[in-house]
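Student: I would like a close look at one part of this protein. Please describe the principal pocket and its surroundings in a connected account.

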Amino acid sequence: MASASPDLMWLCVRKSSSFIRKSNNLPVLTAEPGNMCGLNKFRFSSLANKQVVGLDAKIVGKKESIILTTKSKKASRSYRPGTVMQQTGIKKGAKKGVAQLKKVMEAGFYRPDMISLALAKYNKIKTSFKKSKVVVKSRRAGK
């Protein structure tokens with residue numbers, strides 16, 4: 001059994017997907033898992049494309065982690081929606097996290113057009129984890 005072409009899939013889900021979020025004065029957004037930018041475009045769609053790259057922040061209690069979502073290359077998993085997407089943890093260290101992300105995307109010939117977007121989103125997620133420092137002012141300093 002062969003799967004449908006990505007172009008045909010996109011024509012089917014472009015305007016009638018349960019993940020679409022419409023609002024006035026904004027572009028059409030989507031809440032698909034694995035969608036890098038959240039825009040409803042063929043380039044970012046995880047439903048229509050065979051190769052999917054997504055970065056998300058996952059917070060469980062106090063633990064914060066960065067999750068890379070990719071679509072499985074095994075054909076047998078495409079018929080089981082629960083196992084199609086694979087999630088991998090990405091390191092939060094500056095050098096190791098970027099190196100791990102590049103290794104996954106460049107070594108596997110995985111969407112070279114998305115590498116710069118993935119690195120930018122990785123840096124945004126990392127900065128969102130940083131807590132703002134509380135500055136305590138001394139009462140005596142003003143005198």
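Tutor: In this predicted model, the largest pocket has a volume of about 550 Å³. Its lining comprises 21 residues, and those closest to the pocket centre are Ser3, Asn49, Lys71, Ser78 and Val84. By residue class, the lining of the largest pocket consists of eleven nonpolar, five polar and five charged residues.

The pocket may next be placed within the domain assignment, which divides the protein into domain 1 (1-50) and domain 2 (51-129). To the contact between them, domain 1 gives 14 residues and domain 2 gives 15 residues. The C-alpha centres of domain 1 and domain 2 are 18 Å apart. Both domains take part in the lining of the largest pocket, each with at least three residues.

One residue of the protein, Ser72, may be examined in more detail. Ser72 is situated in the loop that runs between β4 (63-71) and β5 (85-90). Its relative accessibility is 11%, and because buried means under 20%, Ser72 is classed as buried. The side chain of Ser72 comes to 3.3 Å from the backbone nitrogen of Lys74. When residues up to four places away in sequence are left aside, Ser72 is in contact with Arg77, Thr83, Val84 and Gln86. Val84 thus appears in both parts of this account: Ser72 touches Val84, and Val84 is among the residues closest to the centre of the largest pocket.

Terms used
Residues numbered from 1 in each chain as written. Predicted model: local features only at pLDDT ≥ 70, side-chain atom pairs only at ≥ 80, totals over all residues. Heavy atoms only, no water. 1 Å grid on protein atoms, 1.4 Å probe; cavity = no way out; pocket = protein on both sides within 12 Å on 5 of 7 lines; lining within 4 Å. Points joined across faces, edges and corners; volume = space filled by probe spheres on them. Nonpolar A, V, L, I, M, F, W, Y, C, P; charged D, E, K, R; others polar. Domains from an automatic or database assignment. Helix = DSSP H or I, 4+ residues; strand = E, 2+ residues; numbered from the N terminus. Buried < 20%, exposed > 50% of the residue type's maximum accessible area, 1.4 Å probe, protein only. Polar contact = N/O pair within 3.5 Å; in protein donor to acceptor, adjacent residues only side chain to side chain. Contact = heavy atoms within 4.5 Å.
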